[in-house]
Amino acid sequence: MVEAYIGIDVGSISTKGVVVDRKFNVLASRYLRTQGNPIDSIRRLLAELGAQVDTGIRILGAGTTGSARRLAGVMVQADIVKNEIITHAVAASHFHPEVRTVIEIGGQDSKIIILRDAIPVDFAMNTVCAAGTGSFLDHQATRLGRPIEEFGGLALRAKNRVNIAGRCTVFAESDMIHKAQLGISTEDIVAGLCDAIVRNYMNTVAKGKEIHPLVLFQGGVAANVGVKKAFELMLGHEVLVPEHFLVMGAVGAAIVASEETDGKGTRFAGFNVADTAFETRAFECEGCPNRCEVIETLRELKVIDRYGDRCGKWSKL
Amino acid sequence: MKASFPNVGYDTYALKTFLEDLGAEVIPAPPNSRRTIELGSLHSPELICMPFKITLGNMLEALELGADTMFMAAGARKCRFGYYHYLQEQALKNLGKECRFIPVTQYSPLDFVFRIMPGVFGVPPWRVVRAVAKMLAKSQLTQEFRQHLNRKMAVDFDGAEQAKPKALAIIEQAHTLREIQAARGEVRRIFNLNGLQPQVRLGLVGEIYFMIEQFASQEIEKELGKMGAEVVFERSLYRHIRHLLSSDPAFVRSERLARRYLQESPGGEAIRTVGEAVHFQKQGLDGIVHIFPFTCMPENIALEALQKLSEDTGIPVLSLSFDEHTSRTGLLTRLEAFVDLVKRRKLGRSLHRN
């Protein structure tokens with residue numbers, strides 16, 4: 001019987017899950033598209049992970065992270081629900097203890113985490129801009145008729161990197177179109193886009209932070225070799241994309257779950273969540289002029305979680 | 001006279017007592033809510049800061065309840081807040097709202113005592129002085145209440161929630177100086193910690209309206225308390241009034257401590273923000289949370305100084321700017337990550353265990 005921990009990271013674009021052993025070696029990992037329906041993607045994820053590990057495994061703890069961490073935590077009865085900053089830091093320092101900077105760019109959020117001696121000491125997350133980088137790359141690949149997997153490779157073949165206005169995606173897209181209409185090659189434009197993404201990240205997210213090596217680049221956008229290259233050109237040193245870059249958040253959630261459950265036992269509901277009916281609905285509380293939007297999660301038509309109210313009238317179940 | 005004024009957090013009680021002492025019937029604005037900010041934003045310039053929008057919303061809601069006289073802080077220095085009353089008075093006129101609008105200058109205590117208040121209420125200056133003394137005592141009481149509440153929330157959140165309405169009732173009912181004095185002891189007793197200590201302590205600094213009016217910062221003190229962090233602060237209406245009366249030693253200290261990072265005041269209370277942060281760092285607090293309205297120039301300058309402080313000393317700093325669109329979910333993620341980071345740092349726990 002193998003003893004293991006499970007970690008789940010549900011983001012806006014993708015849903016990731018891993019099963020790790022007691023030494024945090026990845027036994028199974030899955031990456032699915034959230035497709036705007038996290039309930040469904042969490043269900044599929046659990047079913048596929050369950051099929052991968054099959055029998056002969058005992059789950060000692062479960063953790064969730066990502067923007068749908070709360071929903072995922074309620075659905076699988078996770079032992080811990082942790083924000084994505086800490087889980088990414090934890091996983092990064094597990095695989096590369098000498099890491100001092102983590103760059104994480106996902107579908108919606110961008111962040112930077114500064115570590116010293118394997119302890120996170122500072123972080124920043126996109127506020128007004130540098131949001132939606134992953135979705136934007138996805139959209140541009142589709143617009144140019146190239147598969148997203150090959151999109152970054154185009155940038156590596158650039159001969160003259162062209163300057164693209166990167167303030168926000170609306171400007172970037174119209175500038176890309178203008179440059180294309182002038183006859184500039186797609187390779188040069190995509191390289192320019194990668195530079196613009198990096199420039200925008202450095203000016204809005206990493207602003208004021210000192211970036212020291214070792215730099216790890218995690219999250220879905222790390223799959224894009226063009227953006228990795230643009231970071232290296234900007235920083236002047238190597239940027240490492242870790243082996244499990246796509247599922248680092250999930251691995252971190254599993255590690256934090258192991259810290260938390262240490263000998264306490266798990267609440268984990270098992271892999272058969274796929275067969276359970278979940279529903280989430282929202283209503284506006286009319287108790288006071290704040291009119292809070294309360295979110296309710298139901299399992300088999302029974303309310304199991306509520307949140308969103310400021311005063312606590314609904315969230316205390 | 002049916003007097004009203006924009007809400008200033010728990011100090012609304014202190015200002016109400018003050019105006020009542022001078023003979024006004026007070027119609028307080030309803031507590032700040034989503035409606036207040038929607039109403040205020042609708043009639044405000046788009047890029048003006050949140051204090052303008054919320055206080056204008058307060059005025060509109062108070063007028064609906066029958067207020068006929070509106071008091072608003074005024075007095076321009078380097079922060080544009082000092083000019084807000086002109087625009088707000090004009091906005092109310094344009095909307096056809098009738099009221100007597102009284103700007104109260106902050107920076108001339110003599111004017112306040114000898115001219116403005118006697119002119120409005122027809123009372124001798126000594127009565128104004130007496131009312132100010134009482135207001136100060138009450139405001140000091142609300143400052144202490146917040147300190148006790150924040151500590152209690154960090155160690156026993158549910159207990160703090162239960163104690164809060166009791167303490168607020170006591171504060172509201174304390175009228176004379178003697179009653180206020182007695183209330184201080186009672187409030188302290190209500191928030192007994194039973195010997196428990198908070199895990200981490202964070203210093204809160206920033207723009208004064210956000211420091212006082214919890215609604216603006218989405219009740220950041222409560223959210224941090226829920227996560228087990230005690231929020232320590234220096235800025236309060238009490239200290240602000242003491243400062244206006246040139247009798248606040250904490251301000252002198254802040255100005256001195258800030259000098260290393262900010263040689264000259266860029267306006268507003270930025271110098272104080274920086275000085276308090278340095279003070280908290282020297283006291284050994286575990287982190288600094290910096291809050292201010294989006295587009296606030298002085299606090300954006302303070303932000304740069306705080307980043308330098310963080311680099312020099314290693315104290316974690318989280319700067320948060322707010323407008324009426326600030327997403328609560330995003331805010332909570334950042335706060336949670338910050339508290340986690342500070343806790344892990346404090347424990348010095350290595351993240352990898354094998």
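Ala62(B) sits fully out of reach of solvent by the numbers: in this predicted model, its relative accessible area is 0%, so Ala62(B) counts as buried. The residue belongs to helix H3 of chain B. Leaving out neighbours within four places in sequence, the contacts of Ala62(B) are with Ser4(B), Ile27(B), Ala29(B), Pro30(B), Ala67(B) and Met70(B). Thr105(B) is another matter: 43 residues separate Ala62(B) from Thr105(B) along the chain, and their C-alpha atoms are 21 Å apart.

Right beside Ala62(B) in the numbering comes Glu61(B), also part of helix H3 of chain B. What is the relative accessible area of Glu61(B)? The value is 4%, and since anything under 20% counts as buried, this glutamate is buried too. Once residues up to four places away in sequence are set aside, Glu61(B) touches Pro30(B), Ser33(B), Arg35(B), Thr36(B) and Leu39(B). Pro30(B) thus turns up in the contacts of Glu61(B) and again in those of Ala62(B).

The same helix has a helical partner. H3(B), residues 50-64, packs with H4(B), residues 84-94, at an angle of about 40°, and the two axes are 11 Å apart. With that angle, H3(B) and H4(B) are therefore oblique to each other, and H3(B) passes H4(B) in a right-handed crossing. On the H3(B) side, the contact is built from Phe52(B), Thr55(B), Leu56(B), Met59(B), Leu60(B) and Leu63(B); H4(B) answers with Tyr84(B), Leu87(B), Gln88(B), Ala91(B) and Leu92(B). Sorted by class, that comes to nine nonpolar and two polar residues, with no charged ones.

A second helix pair further along chain B makes a handy counterpart. Helix H13 (residues 270-282) of chain B and helix H14 (residues 297-313) of chain B pack at about 20°, with 8 Å between their axes. Angles under 35 degrees count as roughly parallel, so H13(B) is roughly parallel to H14(B). This crossing, too, is right-handed. From H13(B), the residues involved are Ala270(B), Thr273(B), Val274(B), Ala277(B), Val278(B) and Gln281(B), and they meet Pro298(B), Glu299(B), Ala302(B), Ala305(B), Leu306(B), Leu309(B) and Thr313(B) of H14(B). The tally by class is nine nonpolar, three polar and one charged.

On to the cores. In soluble globular proteins, nonpolar side chains tend to be buried together. Here the largest nonpolar core has 56 residues, and the ones with the most contacts inside it are Ile220(B), Leu224(B), Val289(B), Ile291(B) and Leu320(B). Which residues does Val289(B) contact, leaving aside its neighbours within four places in sequence? They are Leu202(B), Gly203(B), Leu204(B), Val205(B), Ile220(B), Leu224(B), Leu318(B), Leu320(B) and Phe338(B). Apart from this core lies another one, of 39 residues, including Ala124(A), Leu154(A), Val162(A) and Met176(A).

Chain A has covered helical residues of its own. Helix H2 (residues 69-76) of chain A is mostly covered, with seven of its eight residues buried: Arg69(A), Leu71(A), Ala72(A), Gly73(A), Val74(A), Met75(A) and Val76(A). Gln77(A) follows H2(A) and has a positive phi, near 55°. Thr133(A), in helix H4 (residues 133-143) of chain A, counts as buried at 9% relative accessibility. Not counting residues up to four places away in sequence, Thr133(A) touches Ile105(A), Gly106(A), Gly107(A), Ser110(A), Ile197(A) and Val221(A).

That leaves some backbone oddities. Most residues other than glycine have a negative phi, and most peptide bonds are trans. Leu301(A) has a positive phi of about 70° despite not being a glycine. Its place is the loop between strand E12 (293-299) and strand E13 (302-307) of chain A. Is Leu301(A) buried or exposed? At 75% relative accessibility, Leu301(A) counts as exposed. Asn194(B), another non-glycine residue with a positive phi, has a value near 55°. Asn194(B) lies in the loop between helix H8 (177-190) and strand E5 (200-206) of chain B, and is exposed, with a relative accessible area of 56%. Finally, the peptide bond joining Pro213(A) and Leu214(A) is cis, with omega at about 5°; Leu214(A) is found in the loop between helix H7 (186-204) and strand E9 (215-218) of chain A.

Conventions. Residues numbered from 1 in each chain as written. Chains lettered and ligands numbered in written order. Predicted model: local features only at pLDDT ≥ 70, side-chain atom pairs only at ≥ 80, totals over all residues. Heavy atoms only, no water. Axes fitted to C-alpha atoms, helices over the stretch in contact; angles between N-to-C directions. Helix = DSSP H or I, 4+ residues; strand = E, 2+ residues; numbered from the N terminus. Parallel < 35°, antiparallel > 145°, perpendicular 65-115°, else oblique. Left-handed = near helix turned anticlockwise from the far one by under 90°. Contact = heavy atoms within 4.5 Å. Nonpolar A, V, L, I, M, F, W, Y, C, P; charged D, E, K, R; others polar. Core = buried A, V, L, I, M, F, W, Y, C linked by side-chain atoms within 4.5 Å. Buried < 20%, exposed > 50% of the residue type's maximum accessible area, 1.4 Å probe, protein only.
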